Amino acid sequence: MPKKKVSPINEDFDFKLMVTIAGKNLLWFALFMLISVLIAFLILRYTAPIYEPATVMRFSSENNAENVLGINTALLNNKDISELAANMELISSKVIVERAIAKLPLQISYYAKGAVLVNELYKLSPFKVEYSIRDSQICDVPIMIDFADQKSVIISYMLPHNGEYRTGTYLLGKWITLPECNLKVTINNYNEIAQVQKDISKDAYYFTLNRLNTISQDVIKNLQVVALNPEARTVQIKMRQQNLLKGADIVNAIASEFSLYDVEKSSESANKVLDFIDNTILRIDNELSNSETSIEIFKKKNKIISPEIAIGEVREKFNQLQSQMLIIENELTFYDKIKLDVKENNDVGRFLISLYGRSSDNLLINQISKLQELIDSQDQIRIQATENSEVYKSVEIRIKNQQSIIVRTIANEEAALRLKKSQIQNQLGINDKQFGELPGQEAEFGRLKRLFDINEKFYSLLLEKKAEFSIARAGFVSQHIILQEARYDSPPVSPNRSLILSACIMVGFLASFILIITRYLLYNEINALEEIGQYTDAALLGIIPKYKREIPVSQLLVDKNPKSVISEAFRSIRTNLQFISNEKDSKIIAVTSTISGEGKTFNAINLAGVIAFSGKKVVIIDLDMRKPKIHLGFNVENNHGISTLLIGKDVAEDCIIHSSLANLDFITAGPIPPNPAELIINPRMDELLNFLKSKYDIIIIDLPPVGIVSDGIPMMQKADYPIYILRANYSRKMFISQINKLISENKVSNLSIILNGIEMSRLKYGYGYGYSYGYGYGYGYSYGYGYYDEDEKQRPLYKRVIDVILRRDV
């Protein structure tokens with residue numbers, strides 16, 4: 001019974017087998033790599049390059065008026081500049097995009113056809129078109145232009161709404177009137193135009209008149225605003241575009257327009273405030289004029305310059321008179337004190353300090369000074385003499401005289417002061433009368449003046465605020481810094497050469513890997529004896545190495561190279577046959593296989609030759625009457641043989657042919673019969689075998705493949721040594737099922753197996769059951785005949801390719 005069920009999928013992992021399969025698929029690997037590189041080349045060659053120009057900006061904003069005036073302009077900003085997301089959304093909005101594209105030459109697009117791709121000639125067109133549109137249905141329509149010569153041009157286009165095709169020839173440099181628009185075409189470089197039309201086609205050039213809305217939608221669709229560093233408020237504005245120059249201009253224009261738009265919106269509130277101030281100043285100016293007129297009329301009517309001035313003068317005069325009255329009263333009191341002290345001979349020297357600085361009191365000062373001197377002399381005399389002395393009395397008289405003089409002088413001064421006091425009192429009375437008339441005039445003038453002052457103050461305030469807000473508006477300067485403008489030499493981002501090449505190579509590797517894995521999983525061919533031993537209990541008789549030289553026509557090799565590895569392998573098989581049966585009588589060896597091409601005839605001939613070398617008489621019978629090979633192996637005719645023997649046409653002695661090798665004879669299959677299966681079971685077959693047993697020690701029968709026909713099964717049952725041939729790297733593992741079937745169902749119990757055509761490298765590294773030959777050189781064989789050779793040529797090509805991929809050339 002089989003040890004393991006044969007599976008159509010290779011379930012066990014064998015690293016050496018994997019390496020072997022990979023090595024044998026190097027051609028496929030190279031083919032896949034070549035195809036992958038070719039695909040990568042085609043993609044890169046015929047895919048329009050996509051560029052992604054990018055501008056980097058940093059968001060920031062400040063008003064320089066805050067630094068100049070020290071005012072708070074936060075109320076002038078309608079948006080919070082710190083909101084990064086809001087700015088990013090604004091950049092990609094239709095407002096900014098349309099402002100940007102309006103400043104670029106995008107209203108008309110020029111194109112030139114290439115061998116495969118179409119290129120946009122942004123700012124590089126060899127011709128220029130001026131236009132005015134009357135009907136918008138001409139917009140976004142390709143208008144083909146063919147320059148017939150340097151003076152005329154052919155213009156053609158098809159309207160999309162009705163499919164109407166229009167064409168005509170027109171003069172260059174002249175206005176062309178079309179139903180939908182007027183055009184004027186001028187040439188910048190005719191040589192370039194002529195060369196392109198010669199190399200490509202006459203209609204290589206065309207242009208389109210673009211709608212602003214279409215352009216903006218296309219820009220917005222391909223525009224990206226990415227936050228690079230939210231903390232630093234830096235963003236990247238990039239756009240995918242086939243034309244690098246056009247894309248770079250667009251993103252740079254968008255960045256510039258965003259900065260300009262930010263300044264405009266930031267100063268918008270200041271403009272509104274200034275408009276309000278201007279209107280208010282105009283109104284207040286009118287009111288001021290009216291107030292000034294009313295004041296002038298009041299002054300003329302009351303004959304005053306200003307009531308305030310009149311009131312001030314009256315008050316000032318009153319105050320002056322009051323002050324003079326107080327001074328006079330103080331003078332009178334002062335003089336009374338002096339008189340009293342003079343009369344009582346008190347110390348009058350203390351009055352001198354108070355009298356100094358008064359020009360009118362110089363006389364009085366002198367008199368008082370003399371009096372004080374006399375008093376001092378009297379005091380000195382009193383020390384030296386008595387009061388009754390003449391000197392003392394003389395001084396006393398002088399003192400009294402001096403006192404009288406001082407009193408009279410003070411009396412004169414007092415009289416003058418009283419007169420002046422009376423005059424001041426009269427003036428105070430007049431002043432009180434004038435002051436009583438002023439309140440009514442002052443009230444009326446105050447009302448007019450107050451209205452004028454209010455308007456004037458408001459007017460001055462408005463002028464001041466206007467100056468501040470004007471400076472504030474001028475102080476709005478965008479601080480959005482363009483850190484990096486879009487470059488005009490950026491490499492394309494698509495197709496990514498390295499990525500596509502790597503991807504195609506990876507696909508090639510993956511396809512090769514999948515092929516190897518698939519072949520490994522579906523690899524159902526036998527490589528070594530141990531594989532056979534996993535699926536059957538049949539005896540493993542031996543292995544035959546692969547012969548790499550050209551096999552001679554006779555296929556008999558053991559006589560030509562008796563010391564070769566192949567000869568040694570057959571001798572080993574001869575020896576192993578003795579372990580199966582060692583009886584002395586004649587033996588029958590039946591050799592078969594599953595399909596043709598596994599080497600049963602080759603093994604039968606060489607096994608017969610090596611046995612014949614041992615001195616035993618051997619005969620080979622070719623029972624493969626459908627496709628006989630023995631006669632080819634020995635290079636003889638096939639006119640007589642088994643087929644003629646079994647039908648009684650010939651006798652055995654006439655059909656036995658002696659080979660060039662001693663003790664080795666053979667009987668060919670004879671002419672191909674219509675009923676080989678019936679002939680094999682003919683009683684004459686048994687008679688033939690009995691006859692041959694009487695003459696030969698070994699009878700080797702070359703049977704037809706039992707996997708194709710069942711002709712040889714009866715002979716396998718009769719054989720003493722039934723041998724089943726499997727060929728390495730050719731026979732399928734499923735063929736072992738046929739071996740198990742012969743053993744279990746057909747009762748061929750002593751069946752043994754020979755593995756034919758194994759690689760010498762496997763022998764060298766010990767594949768199989770210890771079969772290792774150390775001769776230092778190797779031989780093998782390789783041939784390709786079989787039952788289906790002719791049929792194979794008639795099979796469809798795709799089936800043969802699939803068979804090669806999955807089964808044959810691994």
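These legends go with close-up views of a predicted model.

**View 1. W28 and F32, a tilted ring pair in helix α2.** Start with one of the ten aromatic pairs that turn up in a search of the whole structure. The ring centres of W28 and F32 are 6.2 Å apart and their planes meet at 40°, so this pair counts as tilted, falling between the stacked limit of under 30 degrees and the edge-to-face limit of over 60. Both residues belong to helix α2 (residues 26-46), and because they are four residues apart, about one helical turn separates them. In general, residues three or four places apart in an α-helix point the same way, because a turn takes 3.6 residues. W28 is partly exposed, with 24% relative accessibility.

**View 2. F59 meets F258 from far along the chain.** Here the ring centres lie 5.4 Å apart with the planes at 55°, so F59 and F258 make a tilted pair too. F59 sits in the loop between β1 (54-58) and β2 (61-63), while F258 is in helix α8 (residues 244-266), so the pair links parts of the chain 199 residues apart. Buried or exposed, what is F59? F59 is buried, at 0% relative accessibility, and F258 is buried as well, with a relative accessible area of 0%.

**View 3. An aromatic cluster.** Four residues come together in this one: Y110, F127, F147 and Y205 form a single aromatic cluster.

**View 4. Charges over tyrosine rings.** K617 places its charged end over the ring of Y696, 5.3 Å from the ring centre. Elsewhere, R727 lies over the face of Y730, and the distance to that ring centre is 4.6 Å.

**View 5. The buried side of helix α1.** Which residues of helix α1 (residues 15-24) are buried? They are L17, M18 and I21. These residues span an arc of only 100° around the axis, so they sit on the same side of α1. What they pack against is α14 (497-521).

**View 6. Strand β7 between β6 and β8.** Strand β7 (residues 152-158) is mostly covered, with five of its seven residues buried. Strand β6 (residues 143-146) runs antiparallel to β7 and is joined to it by three bridges; M144 stands opposite S156 of β7. Five residues make up the hairpin connection from β6 to β7. Strand β8 (residues 165-171) is also antiparallel to β7, with seven bridges joining the two, and G168 in β8 is the bridge partner of I155. The β7 and β8 hairpin has six residues between its strands, and there G163 takes a positive phi near 70°.

Terms used. Residues are numbered from 1 along each chain as its sequence is written. This is a predicted model: local features need pLDDT of at least 70, side-chain atom pairs count only at pLDDT 80 or more; totals for chains, interfaces and linings use all residues. Side-chain values use heavy atoms; hydrogens and water are left out. Rings of Phe, Tyr and Trp (its six-membered ring) pair if their centres lie within 6.5 Å; planes under 30 degrees apart count as stacked, over 60 as edge-to-face and the rest as tilted. Buried means under 20% relative accessible area, exposed over 50%, partly exposed in between (1.4 Å probe, protein chains only). A charge sits over a ring if NZ of Lys or CZ of Arg is within 6 Å of the ring centre and within 35 degrees of the ring normal. The arc is that of the directions from the helix axis to the C-beta atoms. Contact means heavy atoms within 4.5 Å. Two strands pair if DSSP finds at least two bridges between them.
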